[in-house]
Amino acid sequence: LFTLLVIFGGIHRIAVISGIIVPLMAIAYILLAAFILFTHLGTLPHVIGSIFTNAFGFEQFASGGLGAVIMQGVRRGLFSNEAGMGSAAITAAAATTDNHVRQGYINMTGTFYDTIVVCTITGLCIASSGVLGTTDASGELVSGAALTIAAFSTALGKWGAYLVTIGIALFAFSTILGWEYHGEKAFEYILGTHKYNMIYRILFSLIAYIGATTTLQIVWDFSDIANALMAIPNLICLLALSGEIAKDMIEFQKVIKAEKNK
């Protein structure tokens with residue numbers, strides 16, 4: 001229902017809502033994570049060492065060679081920053097900029113903050129808090145968002161769990177809004193008109209409801225298939241256009257140098 005209410009206002013309302021939610025939640029999340037790391041400061045050296053040991057051991061190399069670890073990393077990495085799927089370019093194309101290469105550079109920072117900053121902080125919080133390997137009431141290993149919530153609860157109690165849960169929900173909601181815009185632009189391009197966009201928005205909201213009420217494994221499996229179907233043609237196009245991209249980047253370096261010399 002919230003998705004439907006927002007997307008009925010079009011890209012401007014999506015931009016306003018996302019522009020409020022994302023920065024506030026990102027700052028709040030990083031501050032909370034920093035507090036968690038501070039309270040577990042003594043465990044950080046061991047945690048960082050364990051990360052490298054567990055990543056580059058012989059067993060891990062063998063598993064990676066078989067493709068299991070690599071594929072899992074690629075699949076989950078796509079959910080971190082969407083790099084390689086071509087989706088972020090749709091949003092970037094709506095930005096007002098004096099040069100497309102400049103906008104490309106700006107978009108690259110998203111990958112850095114999402115994966116290098118936020119995901120690293122999250123991983124360190126989980127590993128240092130001692131919640132890895134814990135099980136739920138059914139005896140299953142706690143994983144995913146529940147594991148992050150458990151990590152924050154170790155230092156902040158129930159309030160930590162509530163804050164992280166709200167943050168995850170808002171991040172997910174802003175992601176849904178962004179994906180609606182991506183799909184709508186593709187839908188509009190295929191039909192050659194924006195007359196039927198309202199129909200797409202209603203259908204999208206219904207699918208969002210189905211996704212929120214379906215078992216998690218089905219959602220993961222469908223998402224992995226859909227991501228692969230997007231990434232494959234996009235990566236082929238990137239390779240085909242690599243020469244053109246390199247040419248544009250070299251030309252833009254002249255602009256950067258000129259700006260620095262002013």
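Buried means a relative accessible area under 20%, exposed means over 50%, and partly exposed covers the range in between. That scale is used in every legend below, and the model shown is predicted.

**Figure 1. The protein chain is built from 10 helices and 0 strands.**
From the N terminus on, its elements run α-α-α-α-α-α-α-α-α-α. Along its principal axes, the C-alpha trace spans about 55 × 50 × 40 Å. The chain has 262 residues, of which 24% count as buried. Its accessible surface comes to about 17,200 Å². Carbon and sulfur atoms account for 73% of that surface. Contacts between residues at least 6 apart in sequence were also sorted by separation. Of these, 69% join residues at least 24 apart. The chain carries 13 positive and 15 negative side chains. The centres of the two sets lie 9 Å apart.

**Figure 2. A salt bridge joins E259 to R102.**
The structure holds 5 salt bridges. In the one between E259 and R102, the closest N and O atoms are 2.6 Å apart. E259 lies in helix α10 (residues 216-260), while R102 lies in helix α7 (residues 100-129), so the pair ties together parts that are 157 residues apart in sequence. E259 has a relative accessible area of 34%, so it counts as partly exposed. R102, with a relative accessible area of 22%, is partly exposed too.

**Figure 3. R201 and E184 form a salt bridge between buried residues.**
Their closest N and O atoms are 2.8 Å apart. R201 belongs to helix α9 (residues 197-213) and E184 to helix α8 (residues 144-191), so the bridge ties together parts that are 17 residues apart in sequence. Are these two residues buried or exposed? Both R201 and E184 are buried. On the scale given at the start, each therefore has a relative accessible area under 20%.

**Figure 4. K185 and E188 meet in a salt bridge within helix α8.**
The N to O distance is 3.1 Å. The two residues are 3 residues apart in helix α8, so about one helical turn separates them. K185 is partly exposed, with a relative accessible area of 27%. E188 also counts as partly exposed, at 22% relative accessibility. Elsewhere, salt bridges that share partners join D98, R102 and E259 into one network. That network takes in the E259 and R102 pair of Figure 2.

**Figure 5. Y29 and F152 form a tilted aromatic pair.**
The whole structure contains 6 aromatic pairs. In the pair of Y29 and F152, the rings are 5.4 Å apart centre to centre, with 35° between the planes. Y29 lies in helix α2 (residues 10-39) and F152 in helix α8, so this pair ties together parts that are 123 residues apart in sequence. Y29 has 12% relative accessibility, which is under the 20% cut-off, so this residue counts as buried. F152 is at 0% relative accessibility and therefore counts as buried as well.

**Figure 6. The rings of Y200 and F204 form a tilted pair in helix α9.**
Their centres are 6.1 Å apart and their planes stand at 35°, so the pair is tilted. A tilted pair has planes between the stacked limit of 30 degrees and the edge-to-face limit of 60. Y200 and F204 are 4 residues apart in helix α9, so they are separated by about one helical turn. Y200 is buried, and so is F204. Which residues do ring pairs link into a cluster here? The cluster consists of F187, Y200 and F204.

**Figure 7. H182 is a buried residue of helix α8.**
H182 has 7% relative accessibility, under the 20% cut-off, so it counts as buried. Which residues does H182 touch, not counting those up to four places away in sequence? With that exclusion, H182 touches E82, S87, I90 and T91.

Conventions
Residues are numbered from 1 along each chain as its sequence is written. This is a predicted model: local features need pLDDT of at least 70, side-chain atom pairs count only at pLDDT 80 or more; totals for chains, interfaces and linings use all residues. Side-chain values use heavy atoms; hydrogens and water are left out. A salt bridge is a side-chain nitrogen of Lys or Arg within 4 Å of a carboxyl oxygen of Asp or Glu. Buried means under 20% relative accessible area, exposed over 50%, partly exposed in between (1.4 Å probe, protein chains only). Rings of Phe, Tyr and Trp (its six-membered ring) pair if their centres lie within 6.5 Å; planes under 30 degrees apart count as stacked, over 60 as edge-to-face and the rest as tilted. Contact means heavy atoms within 4.5 Å. Accessible areas come from the Shrake-Rupley method with a 1.4 Å probe; for residues, only the protein chains shown count as cover. Lys and Arg count as positive and Asp and Glu as negative; His and the chain ends are not counted. The place of a charge is taken as NZ of Lys, CZ of Arg, CG of Asp or CD of Glu.
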